[in-house]
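Hi,

Here is the structure I promised to pass on. Have a look at it first, and my notes on the cavities and ligands follow below.

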Amino acid sequence: MTYKKMDKKLDNDFWKTKNLSLTIGEVSIGKPKQELDEPMGPTPKPSVTDLRSWDFKLLKRYPPFYAPFCDMCCLCTYGKCDLLGKKGACGIDAEAQQARTVLLASCIGTAAHAGHGRHMLHHVIKEKGKDFPIDMGKNIDIEAPIIRTIIGKKPVKVSDLDESLSYVEEQLSHLLSACHTGQEGNSLDFESKALHAGMMDDLAREVADITQIVAYDMPRGDGDEPLVELGLGTVDKDKPVVLCIGHNVAPGAEILDYVEDNDLYEDVEVCGICCTAIDITRYNQAAKVIGPLSKQMKFIRSGVSDVIVVDEQCVRTDVLEEAKKNGAVVIATTDKMCLGLPDKTKEDPELIINELFNGNIDGALILEPKKVGKVAVEVAKKIAKRRENLKCLPDISEIPEIAKECTECGWCVRVCPNNRPIMDAVTAAAKGDLTKLANLYEHDMCYTCGRCEEECERNLPLVSFITKAGDHFVKNQKFKMRAGRGPVQDVEIRKVGGPIVLGDIPGVVAFVGCSNFPNGGIEIAKMAEELLKRRYIVVATGCSAMSIGEYIDEDGLTLYEKYEGIFDASGLANIGSCVSNAHISGACIKIANIFAKKPLSGNFEEVADYILNRVGACGVAWGAFSQKAAAIAAGVNRWGIPAVLGPHSSKYRRLYLGRIDKEEMWDLNDLRTGETVKGEPAPEHLLYAAETMEEALVSTVKMCIRPNDTPKGRQLKLSNYIDLYKKYFGELPTDLELFVRNERDIPITHKKEVMDDLTSKNWTPREAPKEPSLLERK
Ligand code: SF4
Ligand code: SF4
Ligand code: SF4
């Protein structure tokens with residue numbers, strides 16, 4: 001006897017009509033089931049090694065390219081060991097050490113999302129009960145494509161998500177354990193583990209976002225979500241201001257509930273920075289979005305916030321020190337970030353409010369979101385008046401005088417990660433010209449990391465200079481951003497799945513991740529604009545979604561006002577926060593399932609192979625900086641989705657680069673004929689770091705090419721590639737012979753010049769495979 005059999009026997013109409021529910025272990029009878037109506041594939045809940053053969057196929061095509069940040073290892077007490085051309089005392093070599101660091105970063109990133117998801121799930125189960133249903137709305141049947149594929153089940157109620165998260169936690173401990181000295185010793189095996197960690201990250205993000213969508217009634221994939229207010233100028237600084245920073249929506253949502261319950265909308269401003277900003281506006285559009293991560297130090301230092309509520313991830317760790325400078329109060333709300341603050345979770349809110357108001361404590365750790373709601377709002381109301389005339393930045397007229405102290409030592413520029421001309425701005429300010437400081441403020445050209453200030457031999461308050469100049473010149477900036485919509489609906493996939501796979505829609509480009517941009521957020525918006533004009537589907541999440549909203553085009557509109565939020569050609573869909581990135585992989589998985597009828601349950605490899613060869617999607621993480629971004633990239637890469645990163649990303653130490661000089665690496669299996677055929681570098685790389693925006697854009701367009709493109713689709717993709725390459729580099733792309741399979745692929749408008757180019761390279765035509773794949777025919 002098995003539980004499954006028993007379930008079958010008892011699950012008949014009698015039991016249903018009597019509304020009886022019987023639970024045996026984890027098998028539940030009389031309730032909606034998690035089983036899917038499709039056969040279970042070969043790898044449900046894959047172990048660390050179950051998908052190793054798939055990873056090795058990817059790694060053979062896209063070998064890791066290592067760029068060591070450091071040649072030493074100092075992880076254990078044998079060391080430190082110099083690995084430059086030598087092995088460490090434990091036997092590890094430099095390549096494996098780099099790969100170990102990559103795995104470590106992916107594990108840290110995955111743990112951040114899994115920890116966030118776990119907190120969220122506990123909180124929601126506590127508040128709503130374990131049977132709270134997972135209802136993703138009438139246009140979504142495939143509620144959790146990642147869970148369905150990896151776990152092989154569909155979650156029906158929130159407590160069903162626990163199984164996925166427990167599995168992630170188990171895998172994560174195995175993966176992290178492999179980083180210990182004297183475990184894994186092979187770089188490719190470390191890479192395979194890093195890809196596994198990335199897939200766990202995908203799963204954890206899907207759990208976290210589904211949990212918050214259903215529990216907080218966030219949008220469920222509507223393309224016409226309202227526009228929300230974005231920018232520093234949207235906050236009424238005359239009111240008490242509560243600022244939320246981080247990624248966990250629970251405290252922010254309680255703050256908004258408290259405001260609503262007490263009819264305080266007119267009296268208190270609630271705003272956010274980073275993904276919490278996106279998520280609180282998914283919950284309640286009365287909240288304001290200040291902007292991406294790069295706004296953090298500027299906004300805190302401006303002194304506008306009376307109370308700063310921090311939750312988890314990407315928060316400045318010196319937030320308390322900065323807040324103290326202008327008398328703001330900090331409330332920490334998760335175990336990830338306690339900041340040395342006294343734990344007031346169990347204390348009476350009125351007592352906490354008084355202690356904070358009286359200055360007995362600088363801040364408080366409150367691990368109960370509801371309590372945070374009341375305390376944050378009431379403290380802000382009480383201290384706002386007192387802080388009204390607090391002088392936290394130098395007066396604009398004082399800056400030239402202080403700036404005269406600059407010795408022009410140049411250290412500020414030397415340590416600036418982006419080589420910003422801060423010394424020039426300071427010397428210009430000394431002469432009374434503050435525009436250069438203001439220019440650093442615009443579009444977060446300076447993302448206020450504070451390194452220059454730390455290094456300045458005269459201790460000049462450089463970030464305060466930039467903040468004040470920005471405050472003076474651009475303080476009234478107001479923009480619009482479409483509220484994060486969450487998943488792509490099944491009905492949308494039904495419409496665009498075919499055109500994407502056949503190439504009639506030239507690609508899906510996802511602008512994701514943080515704001516460690518080399519030249520400010522405007523580059524993200526410019527790239528998005530170019531692609532939208534060319535009928536790509538553009539999706540965005542997190543800081544990138546906010547940066548896109550901070551750009552006004554020549555018609556005076558933000559891209560969110562100009563383009564619809566649909567998942568269709570020329571649609572600009574703000575998917576949501578970092579955890580919502582799961583819906584981007586999810587959309588690709590849905591294409592494989594809905595359009596190509598690929599079963600999902602336990603069928604990772606077939607689905608990923610389909611995506612790699614047929615779904616023209618590419619991620620762009622232009623400002624990726626965190627370990628979470630490393631995990632996200634590893635996750636999408638394992639699904640077969642390539643990503644283009646910004647120049648700082650080489651500091652992740654590893655890229656996955658294809659070799660166009662090695663023809664044999666691109667061979668494909670044609671599943672229709674069973675033959676091995678000559679392939680093409682499509683996509684050319686799995687993980688690529690571009691140096692400039694122009695290179696990134698051209699690479700992104702190229703990396704949407706797939707072996708499955710029809711001649712019409714390939715023409716369209718090549719036409720965009722040729723146009724953009726010519727626009728930015730003034731000539732035809734130098735590698736067209738790789739992507740023109742036969743004459744039918746050549747865009748009509750470029751026919752002659754492309755043919756001339758191909759002829760000069762002795763190009764010969766070839767047939768496109770009917771069903772391109774890296775897998776063997778079954
Ligand atoms: S882990 Fe290995 S390479 Fe690193 S310090 Fe220890 S012995 Fe040296
Ligand atoms: S604060 Fe701005 S100017 Fe200073 S080092 Fe950081 S990015 Fe550069
Ligand atoms: S580090 Fe300070 S003193 Fe040196 S150039 Fe920069 S602003 Fe001037």
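A quick definition before anything else: a molecule sits in a cavity if more than half of its atoms lie within 2 Å of the cavity's grid points. You'll need that for ligand 2. Also, please keep in mind that this is a predicted model.

**Cavities**

Searching the whole structure turns up nine cavities of 30 Å³ or more. The largest cavity has a volume of about 220 Å³. It is lined by 21 residues, and the closest to its centre are V512, G619, I632, V636 and A643. If you want to find the walls in the viewer, the elements that give two or more residues to this lining are strand 14 (508–511), helix 24 (582–595), strand 17 (617–621), helix 26 (627–638) and strand 18 (643–645). Sorted by class, the lining of the largest cavity comes out at 16 nonpolar, four polar and one charged residues.

The second largest cavity holds about 120 Å³ of space. Here 15 residues form the lining, with C416, R420, C446, C449 and C452 the closest to the centre. By class, the lining of the second largest cavity divides into 11 nonpolar, three polar and one charged.

**Ligands**

So which ligand sits in the second largest cavity? That's ligand 2. Around ligand 2 you'll find C416, P417, C446, Y447, T448, C449, G450, R451, C452 and V463. Its shell has seven nonpolar, two polar and one charged residues.

Ligand 3 has C406, T407, E408, C409, G410, C412, M423, C456, R458, L460 and L462 around it. That shell splits into seven nonpolar, two polar and two charged residues.

Ligand 1 is surrounded by C73, L75, C76, Y78, G79, C81, G88, A89, C90, I92, R100 and T181. In its shell, eight residues are nonpolar, three are polar and one is charged.

**The recorded binding site**

The unreviewed UniProt entry lists C73, C76, C81 and C90 under "binding site". These residues span 18 positions in sequence, but no two of their C-alpha atoms are more than 10.5 Å apart, so they gather at one spot. You'll recognise C73, C76, C81 and C90 from the residues around ligand 1.

One of them is worth a click: C81, in strand 5 (residues 81–82). Is C81 buried or exposed? Its relative accessibility is 14%, so C81 counts as buried; the cut-off for that is under 20%.

Cheers

Definitions and conventions. Residues are numbered from 1 along each chain as its sequence is written. Chains are lettered from A and ligands numbered from 1 in the order in which they are written. This is a predicted model: local features need pLDDT of at least 70, side-chain atom pairs count only at pLDDT 80 or more; totals for chains, interfaces and linings use all residues. Side-chain values use heavy atoms; hydrogens and water are left out. On a 1 Å grid over the protein atoms alone, a cavity is a set of points where a 1.4 Å probe fits but cannot get out, and a pocket is an open set with protein on both sides within 12 Å along at least five of seven lines; lining residues have an atom within 4 Å of a point. Grid points are joined across faces, edges and corners, and a volume is the space filled by probe spheres set on the points. Helices (H or I, at least four residues) and strands (E, at least two) are DSSP runs, numbered from the N terminus. Ala, Val, Leu, Ile, Met, Phe, Trp, Tyr, Cys and Pro count as nonpolar, Asp, Glu, Lys and Arg as charged, and the others, Gly among them, as polar. A residue is near a molecule or strand if one of its heavy atoms lies within 4 Å of it. UniProt positions are given in the numbering used here, feature names are shortened, and annotations may be inferred rather than shown by experiment. Buried means under 20% relative accessible area, exposed over 50%, partly exposed in between (1.4 Å probe, protein chains only).
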